[in-house]
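Student: Can we go through some labels for this chain and check each one against its cut-off?

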Amino acid sequence: ASVRDAIETVLALLPPSGSVRFRDLTIGSGAKLEVIVRFLAVLELFKQGVIDLDQAETFGELVVRPLAAGERVALDLTSLALK
């Protein structure tokens, strides 16, 4: 499981508008490692300004929202230090 592959999976699962729960982005992932890698992918997408995250309370549901074209920057997969 690589973060780069998980980023592509998360981007494919994101709705074009609106938001989705992180839990919904992990459906069908099976292993805990895959859930962790998808979480890392979500953090990378947030860091790069592709998505926004919302969590109403500590340990609450994590909600992922893709940023609109005018809000987001281009994703830079080359910046990922993956082997």
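Tutor: Sure, here come the ground rules and then the labels.

Tutor: This is a predicted model, where local features need pLDDT of at least 70 and side-chain atom pairs count only at pLDDT 80 or more, while totals for chains, interfaces and linings use all residues. Residues are numbered from 1 along each chain as its sequence is written, and side-chain values use heavy atoms, with hydrogens and water left out.

Student: Why is arginine 65 called partly exposed?

Tutor: Buried means under 20% relative accessible area, exposed means over 50%, and partly exposed is in between (1.4 Å probe, protein chains only). Arginine 65 has a relative accessible area of 30%, so it's partly exposed.

Student: What makes arginine 38 buried?

Tutor: Its relative accessible area is 9%, so it falls on the buried side.

Student: How do you know that arginine 65 forms a salt bridge with aspartate 52?

Tutor: The term needs a side-chain nitrogen of Lys or Arg within 4 Å of a carboxyl oxygen of Asp or Glu. For arginine 65 and aspartate 52, the closest N and O atoms are 3.5 Å apart, so the pair passes. Arginine 65 sits in strand E3 and aspartate 52 in strand E2, 13 residues apart; strands are DSSP runs (E, at least two residues), and helices are too (H or I, at least four), numbered from the N terminus.

Student: What separates glutamate 34 and arginine 38 in helix H3?

Tutor: About one helical turn, because they're 4 residues apart in that helix (residues 32-47). Their side chains meet in a salt bridge, at 3.2 Å from N to O.
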